[in-house]
Amino acid sequence: MDFNDSPDEAEFRERVRGWLAANAPLHAGPSECTSADQRLQAARAWQGAKAAAGFARISWPREWGGGGGTAIQQAIFSEEEARHDIPLGFFGIGLGMCLPTILKFADPDTQQRFVGPALRGEEIWCQLFSEPAAGSDLAGLRARAVKAGDTWTVTGQKVWTTGAHYADYGLLLARSDPSVPKHRGLTMFWIDMKAPGVEVRPIHQMTGGSDFNEVYLTEVRIPDSQRLGEAGDGWKVALVTLMNERVEGAKDRGPTTQQILDVARSVPHGSGTMLDDSAFRQRFAAWYVQAAGLKYTRMRTLTALSRRQTPGPESSIGKLVAANRLQELSNELIECQGEFGLLTGPRHAALSGSLHRDYLYAPGLRIAGGTDEILKNIIAERVLGMPPDSRADKTVAFKDLPTGR
Amino acid sequence: MNFDYSEEHQQLKREVRRFLERRCPPTAVRAMLDDPKGTFDRRLWGDIAGLGWLGAAIPERFGGSDLGYIELCAIAEELGRAIAPVPIASSLYFFAEALLLAGSEAQQAKWLPRIADGTAIGCFASSEGPGQIIRPRTVVASGRLEGVKIPVTDGHIADVAVVLACESNAPGLFLVELDQNGVEREHLESLDDSRGLAQLRFSGARAEPLGEGGAGMALADRVLIRAAALLAFEQLGGADRCLEMARDHALQRHAFGRPVGGHQAIKHRLADMYVKNELARSNAYYGGWALATDSSELPVAAAAARLAACEAFGFAAKENIHVHGGMGFTWESDAHLYFRRARHLSLVAREPAYWSDSLVTALVRAPVGP
C-alpha cells in the first residue's frame, strides 16, 4: 500500500511537469484577471494550448483530438495543473458531460463539427435540464417540444443553468409527448444558445453572486437534425449525460487544516485560545477525519484507475460528505468567534471572508448536482441494491399528473 | 498510485474469510455469551495460530512470518467481521507491539515465538479505574510489583502482561508472567464477554523492566497508537458486516406491501451507514499505510483511523438493530453480538474523545494531510 506512481506514471508526470513549467507561466492566472471576461479569455487561451499539446482530454482517443491516454494520466495531469496559477472551470460541463453525449448520440458530421472547437476552448457548452418545477424529479420537466414537419418548436423555462450566459451551445431536454408516462415522453436536442427565442437571465443567489442562470425558451425553432437519440428516448440520453456529472462534482472546498488552526488560534478563549477548548477540538477532529476520508477515498479511486479497473462505488459519497462538512465547519468556525463572527468584510473577517462565502454557499452545494436525499437514494439503490421508491406517477400520462397548483 | 490491498492481500483476505465462515459462525461467538466461563475459543485460536496468521507482523528470527503489517490489517479486518472470540488484539496489537517497540533482544526472543505460534497469550495492563491514567498507582520496588489493574482485556486468560507501573516515582513498562505467586486474577462481567475483561491484583509478583525506565507513559502512548491503527481494521470489518445484515434484512422483510428497504427512511439510514463505512475504510488504509511504512504521520493517521472506525462501527451496530425492528432486540438475533463488540472495541484502546484530542495535538505539531 503506497501512494507512489508506477514507472509509466512517473514518466508521464515528469513529461507533464516539464510541459507545465514551460507553458503555464505564459498564461494569465485567475489572480491576474480583474474581470470575469478576462478570466474567460485566459481560460480559452490555456485550453487551446492544452489541446495543441494533446492534454485537453487525455483519455479521449486521438481521432477525436484527445491524448489517447488513460484515466490515471488524466488524473495526474489535473493534479499537476492545479499547482499552477491557471484559470480552470469553464469547460468541465462541455467536455465532461455534453460532448460525451454528442459522441454517443449525434451523427458523424455533428460530432466532427463540435468536438474540436470544444476541446480547444473555442466553444462552451451548457446543460439545459433543471426547471422550476423539475429538480430532483427531473423527468417531470415541462418545457414543451412540438414537431411540425422537420422542425421542433420549444417553449418553456430552464433554471440553474451553469454558464448559460457565456455558453455557445446547450443540451436541451424537453417534453415531446405529454400523453405518456413522464420518462417516456422526453426528447433530447442540442441547440444554439444564440438562436432566436433563447433568453438568458442570471439568478441572483442567496450568496449575492450569480453563478447560474434562468433560460427562457420562447418558440425556439430546432431542426429535427439536432435531435439526439430517438424522439421519446430523451431520458436514456440524459442518463448518459448525468452519469458523468457526479464524477466531476466532488472537489474539495473550504478551509485547509492549517487555515482552521489559524482561525481557532485567533479566537481567545479562557486563558488560551479556541484551540484549547475541548468541545472545539472534538469538532475539529471530526472535520479532519471526514476530509482525510474523502482524500483517501479519492486515492482508492485513482488506484483502481491505475490498475485499469473500474473504480468502485465509493466515490459516490464525495459530494454528500463534502457539502455537509462544509456547512457544519463554516457554521462552527463563524460561531466560535461570537458576535465578531458576523463581520464579512476582508478587513476584519477570518480568512478574508472566504469562510463566510463558504457558509452562504454550502446550502446550495447540498442541493446542486443531486440533493443529499437523491444521493442517498442512489447509494441505497445502486450500491446497496434496495428497491426503487414507490411512485405514484409511473403509469400515469404526464398530462394527468397532479401538479399541486 | 497503489492505495488499496494488492491481489495477494485480497487472496489472503478471502482465505481468512472462508476459514472463519466455517470455523467462527455467530453461534461460536454466542457460545461465549451463553457460557459464564466463556470468553475465548481456544480451538479457534489454535487453528488460527496453526495457519501462521498470528506471526504476520513478527520477524522471522522470532518465529513470525514477517509478511508485514498490511497482511495483519487484512487478517484483523476479517476477524472483526466475524467478531472472533480470540485475544488477537491483546496478544498482537498490544503485547507484541510493546515488545517490538521496547523489548530487549532476550525478551523478544523469549516471548515473540510463543506469541506467533499461539502457545502464549499476552495482554496489556494500564487502566486502574474509570477515566484516564495520569500516574499509575501500581508500583515496582526491587523487581516486585504491587497494585491492582482493572480492567485488563484478556487478563484472565493471558500468560504474560505488559504492565504500566511506577518505579522510583517514574512510570515504566514491565513484563510480568501471570502464572506465578503474587498474581490474583478475576474474570469480571462486561458488555462483551466474547472478549473478556479481568482484574489483576499484584502482590509481590516478579516484574522485569521493558524498555527504558521512566519512559513508560511515552511508550504506552506509542503502543496505543499502533494498536489503534490495527483495531480500526477489526472495527471496519464489523461495521461492514452490520451493513450487510441490515441490507439483507431490509430486502427480505416486507411492510406496507413492499420490502422495508424500499422506504426512504430505511434507505437513507443504510446510505448513512455506507458513507461512514467508506470514510472508515479510507482512514483505516491511511493508518495501515502509516504503520507499515513507519511514517512520521502515524500519530495523525492512527487517530483518524481510530475515530472513523469507532464512529462507523458504533453507528452501524446500533442502526443494524434498529433496521431489524423488534426482532433485532432479541437475544436470538446476532445484531447485539455486534453491538456489544462495537462498544468493546471502541473502549479497549481509549475512548474516541481521547483520540480527538490527540489528533488535534498531533496536527498542531505538524499539520499533514488534507
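Which residues have the most contacts inside the largest nonpolar core? In this predicted model, that core has 186 residues, and the two with the most contacts inside it are A:F280 and B:L270. Among the elements that build this core, helix α7 of chain B, which spans residues 216–252, gives the most, with 19 residues. A second core, separate from this one, has 54 residues, including A:W64, A:A143, A:W152 and A:F189.

The surroundings of B:L270 can be followed residue by residue. Once its neighbours within four places in sequence are set aside, B:L270 is in contact with A:L384 and A:M386 of chain A, and also with B:L243, B:A246, B:R247, B:A250 and B:V323 of its own chain.

From the core we turn to the way in which chain B is divided. The domain assignment gives this chain domain 1 (7–116), domain 2 (122–215) and domain 3 (217–365). For domain 1 and domain 3 of chain B, the C-alpha centres lie 20 Å apart, and 25 residues of domain 1 are in contact with 32 residues of domain 3. The size of an interface is often given as the accessible area lost when the parts come together. By that reckoning, domain 1 and domain 3 of chain B bury about 2500 Å² between them, with 68% of this area on carbon and sulfur atoms.

Polar and charged groups also take part in this interface. Between domain 1 and domain 3 of chain B there are 4 salt bridges, and 12 residue pairs are in polar contact, both residues of each pair being at pLDDT 80 or more. On the side of domain 1 that touches domain 3, the elements that give two or more residues are α2 (26–34), α4 (69–81) and α5 (88–102) of chain B. A salt bridge also joins the side chains of B:E244 and B:R81, with a distance of 2.9 Å from N to O.

A loop of chain B offers a more local view. B:S295 is found between α8 (264–292) and α9 (298–323) of that chain, and this serine counts as buried because its relative accessibility is 14%, under the 20% limit. A polar atom of the B:S295 side chain lies 2.8 Å from the backbone nitrogen of B:E297. Apart from residues within four places in sequence, B:S295 is in contact with B:W289 and B:A290.

Two positions in chain A complete the tour. A:V16 has its place in helix α1 (residues 7–23) of chain A and is buried, because its relative accessible area is 0%. Leaving out the neighbours within four places in sequence, A:V16 is in contact with A:F55, A:F77 and A:E80. By contrast with these contacts, A:V16 and A:A148 are 52 Å apart in space, C-alpha to C-alpha, and 132 residues apart in sequence.

Is A:P30, in the loop between α1 and α2 (36–52) of chain A, buried or exposed? The answer lies in between: A:P30 is partly exposed, because its relative accessible area is 26%, and the partly exposed class runs between the 20% and 50% limits. Not counting residues up to four places away in sequence, A:P30 touches A:R39, A:D85, A:I86 and A:P87. The C-alpha atom of A:P30 is separated by 26 Å from that of A:G67, which lies 37 residues away along the chain.

Key. Residues numbered from 1 in each chain as written. Chains lettered and ligands numbered in written order. Predicted model: local features only at pLDDT ≥ 70, side-chain atom pairs only at ≥ 80, totals over all residues. Heavy atoms only, no water. Core = buried A, V, L, I, M, F, W, Y, C linked by side-chain atoms within 4.5 Å. Buried < 20%, exposed > 50% of the residue type's maximum accessible area, 1.4 Å probe, protein only. Helix = DSSP H or I, 4+ residues; strand = E, 2+ residues; numbered from the N terminus. Contact = heavy atoms within 4.5 Å. Domains from an automatic or database assignment. Buried area = accessible area lost by both parts, 1.4 Å probe. Polar contact = N/O pair within 3.5 Å; in protein donor to acceptor, adjacent residues only side chain to side chain.
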